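Please look at the sequence and the structure shown here before reading on. The report afterwards takes up a few features one at a time, so that each can be found in the picture.

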Amino acid sequence: MRLTFAASMRDTYDGIATAAERMIKFQRQVSTGIRVAQPSDDPSATATTISEKAAHASYEQYVQAGDSAESRLSVADTLLSDIIDKLSAARTSILSAQGSETTDAQRENAAQELASLRDAVLEDLTTSFRGTYVFGGSAGTVRPYSKDNAGVVQPYAGSTREVSVDIDRNRPVTVVFNGEAIVTGNDATDLFTAFDNAIVAARAGDADALHTASGALQRAFDRASQVQSTVGTSLNAIADHTTRLQDAGRASTARVASLEEANMAEAISGLQQAETAYNAALGAASHTTRRSLFDYLLG
Amino acid sequence: MSGLYTSLTMAARALSAQQLGLEVTGNNIANVNTAGYARRTIDFAAVKPESSLSAGNGVEVQGIRSIRDRLLERRVLEEVPTEGRAKELTEILQVVEAGIGTTGQSIDGRLTEMFGSFSRLADAPTSAVARADVLNTAAELTQSFHEMAGRLSDAQRQADSRVRNTVEEINSLVDQIANLNHSMGASGPEGRLPLQDQMSTLLRSLNTLVNVDVVNRSDGGVDITVGSGRALVIGDETYRLEAVSQPPTGWAGVEAGGMNITSELRGGRLVGAIEARDVNIPDYLTRLDTIAYELVNQVNAIHQGGFDQLGNTNQNFFTPLASAAGAARLIEVDPAVAADSRLIAAAGVNEAGDNTVAKTLANLRDSLVLEGNSATLIDSWSHLAFRVGRDTRAAIDGSKAQSDIVEQIDALRDAVSGVSLDEEAVQMIKFQRAYEANARFFSTVDQTLSILFSIVGR
């Protein structure tokens with residue numbers, strides 16, 4: 001086959017261009033650390049990376065929701081503990097007002113104690129966190145319980161719909177509670193009425209009424225404990241799901257890295273090889289283009 | 001028996017022949033870098049002796065030929081349209097690809113952000129900050145859709161512009177070929193050699209732009225047809241192509257003699273630009289529009305079932321769209337909602353603290369609402385990015401593969417027609433030495449004649 005000047009030049013240029021292209025590719029990988037800079041570098045990896053990044057963002061979003069829910073539930077847990085403590089204390093006060101040997105002064109003390117505990121429970125049940133009443137249901141900004149001018153706690157003004165947030169896919173946890181479910185439940189009268197009745201009964205020394213009120217407080221105690229148990233379960237679930245989501249997030253990050261990022265050892269080694277090939281192509285070009293019969297004729 | 005004068009004439013003719021040989025060599029060397037140039041060779045022949053007692057009458061030049069392999073030249077013309085199409089497609093799709101953006105920071109990132117803001121709204125449905133966040137992320141998303149649709153439309157317009165420019169280039173080449181045909185018809189065989197070189201280059205350039213059929217004429221010229229036998233050049237007559245805006249898109253169709261022949265074209269840069277403009281980019285735009293349209297419909301359907309902070313229900317979040325066509329360009333947050341974040345319906349009942357709708361909107365991120373309920377909105381975007389990457393990769397690979405084929409045929413053609421400097425150096429020495437020998441012979445005959453003249457002169 002005849003070797004022509006144009007073919008020789010073309011081959012020389014192609015050799016240099018190919019080596020340079022390869023060298024630039026590895027140079028880019030080494031300098032940016034990215035293997036897939038544009039979709040055509042690896043279309044499948046690009047599509048998978050988009051899905052993985054979306055999944056990763058979703059994990060992070062659920063973790064954030066979990067963190068926020070945890071804060072709300074921690075507040076709810078504290079309030080419920082407080083309510084439960086106060087309900088226990090109220091039952092103790094009722095007991096102290098009972099008995100044939102109890103003096104008027106002791107009964108008055110018990111009545112005042114009960115009134116104080118009622119107000120404290122009312123305060124707990126009307127606590128708001130981040131602008132939302134914890135026990136107001138989905139009514140949100142509507143105060144669930146309030147006193148009228150006569151100091152009587154009014155019926156529940158919140159919503160019976162509880163509010164939940166998703167801490168994982170298809171895993172909601174309740175973060176805003178139905179106060180009425182604690183305060184009234186299936187009883188005919190609410191907790192505050194039971195308190196008021198107990199106060200009147202304590203002052204009057206009405207043992208039957210005190211007994212009835214004590215039963216109502218006990219049932220409220222049970223309902224609050226039940227809700228607190230749910231809160232505890234939810235807090236545990238958040239911890240479990242957060243761990244799982246963080247693990248999934250790390251795995252997702254690793255998958256994205258394996259898809260998108262350059263293997264630096266491979267890239268550096270490739271760059272060195274490409275550089276050697278480029279220098280060799282340049283050397284070969286300068287060598288072959290220098291020699292021709294004309295050089296000898298002129299010499 | 002010939003005399004010394006005949007020998008002198010013979011030597012003079014030989015000197016001229018060798019000098020012409022040197023000229024041919026010089027011409028080959030001069031055109032070593034000329035595109036389409038086929039090396040020339042000079043044909044010598046011994047002049048027949050006048051009688052049986054004559055040694056001969058020396059040498060005569062029979063002609064100068066260019067060395068061409070018609071088969072290889074035809075093969076090059078057959079392959080360059082495919083290379084041209086792939087290169088054009090590559091150039092246009094690489095622009096489209098650059099517009100797709102980085103993973104996680106394009107439409108996918110904006111969708112994720114918006115769904116994240118719905119999730120944050122679900123956490124705090126009465127929060128004005130969370131509501132403002134939803135509006136901001138939704139505005140960013142709609143802006144991203146607009147920009148993406150704009151980039152794709154720009155790429156489509158640029159492809160159309162390339163179609164129009166390529167038609168102009170084709171017409172320019174057609175004019176040049178017709179002029180060459182005219183020149184070839186007017187010149188003798190020896191004058192056609194440089195014209196053939198030019199013709200070879202023009203035909204290659206033309207075939208790179210559009211696949212044409214070439215029929216050689218007896219006068220050395222060519223007749224050219226395009227598509228299903230539409231004349232482009234017949235002798236020195238040209239039949240120009242026209243890029244005519246076609247309804248309803250306004251994109252240029254290629255017309256020959258008033259007939260739209262766009263669908264008849266098979267290869268070349270023109271077809272690459274048409275393919276990118278009419279097939280690839282519209283496919284991407286349709287997919288983008290479908291994502292935007294489905295997003296609008298899904299979000300609105302959920303949002304309509306909710307209650308805003310003022311107790312209103314049955315409200316749209318995005319301005320409703322009549323159809324998917326142009327959805328990415330037209331998607332907008334409903335102006336009333338955009339102006340008042342309280343109108344975002346986060347609640348499933350008329351209670352300000354309810355977050356049912358906000359949660360459902362956030363969960364739309366994972367809902368299979370596209371591609372026959374098999375893909376999420378982000379999945380569908382990833383499929384779009386995959387298609388752009390796959391098409392661009394296929395075009396790049398196709399372009400490289402086809403360039404390799406053309407290069408190999410070029411190498412074979414060069415092996416026949418190309419100029420080898422070493423070979424020309426040998427030819428130069430050969431003709432130089434022959435010239436020197438003939439000059440020496442001329443000198444010897446001249447000296448012999450001088451001796452004869454000196455004897456006669458005594």
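What follows is a short report on a helix contact, the nonpolar cores and some backbone details.

## A helix pair across two chains

This is a predicted model, and the first feature to find in it involves both chains. Helix H1 of chain A, residues 5-32, and helix H10 of chain B, residues 377-417, have axes that come within 10 Å and cross at roughly 155°. Because angles over 145 degrees count as roughly antiparallel, H1(A) is roughly antiparallel to H10(B). The crossing of H1(A) and H10(B) is left-handed.

On the side of H1(A), the contact is made by A:Ala6, A:Ala7, A:Arg10, A:Asp14 and A:Glu21, while H10(B) contributes B:Lys400, B:Glu407, B:Asp410, B:Ala411 and B:Asp414. Sorted by class, the residues in this contact of H1(A) with H10(B) are three nonpolar and seven charged, with no polar ones.

## Nonpolar cores

In soluble globular proteins, nonpolar side chains tend to be buried together. The largest nonpolar core of this model has 95 residues, and the members that touch the most others are B:Phe145, B:Ile224, B:Leu288, B:Leu295 and B:Phe317. Helix H4 of chain B, residues 128-186, gives the most to this core, with 20 residues. Apart from that core lies another, of 50 residues, which includes A:Ala69, A:Ile84, A:Leu117 and A:Leu191.

B:Leu295 can serve as an example: leaving aside residues up to four places away in sequence, B:Leu295 touches B:Leu111, B:Met114, B:Phe115, B:Leu141, B:Phe145, B:Phe318, B:Ile331 and B:Leu377.

## A partly exposed residue of helix H4

B:Glu140 also has its place in helix H4 of chain B. B:Glu140 is partly exposed, since its relative accessible area is 47%. Although B:Glu140 and B:Leu111 are 29 residues apart along the chain, their C-alpha atoms are separated by 9.2 Å.

## Backbone details in loops

The peptide bond from B:Pro247 to B:Pro248 is cis, with omega near 5°, and B:Pro248 is found in the loop between strand S7 (241-245) and strand S8 (252-256) of chain B.

Two asparagines have a positive phi, and each can be looked up in a loop of chain B. Phi of B:Asn314 is near 60°, and this residue lies in the loop between helix H6 (269-304) and helix H7 (327-330); B:Asn314 counts as exposed because its relative accessibility is 55%. For B:Asn373, phi is near 55°, and the residue is found in the loop between helix H9 (356-363) and H10; with a relative accessible area of 55%, B:Asn373 is exposed.

Methods:
Residues are numbered from 1 along each chain as its sequence is written. Chains are lettered from A and ligands numbered from 1 in the order in which they are written. This is a predicted model: local features need pLDDT of at least 70, side-chain atom pairs count only at pLDDT 80 or more; totals for chains, interfaces and linings use all residues. Side-chain values use heavy atoms; hydrogens and water are left out. Axes are lines fitted to C-alpha atoms, for helices over the stretch in contact, and angles run from 0 to 180 degrees between N-to-C directions. Helices (H or I, at least four residues) and strands (E, at least two) are DSSP runs, numbered from the N terminus. Angles under 35 degrees count as roughly parallel, over 145 as roughly antiparallel, 65 to 115 as roughly perpendicular and the rest as oblique. A crossing is left-handed if the near helix is turned anticlockwise from the far one by less than a right angle, and right-handed if clockwise. Contact means heavy atoms within 4.5 Å. Ala, Val, Leu, Ile, Met, Phe, Trp, Tyr, Cys and Pro count as nonpolar, Asp, Glu, Lys and Arg as charged, and the others, Gly among them, as polar. A nonpolar core is a set of buried Ala, Val, Leu, Ile, Met, Phe, Trp, Tyr and Cys residues joined through side-chain atoms within 4.5 Å. Buried means under 20% relative accessible area, exposed over 50%, partly exposed in between (1.4 Å probe, protein chains only).
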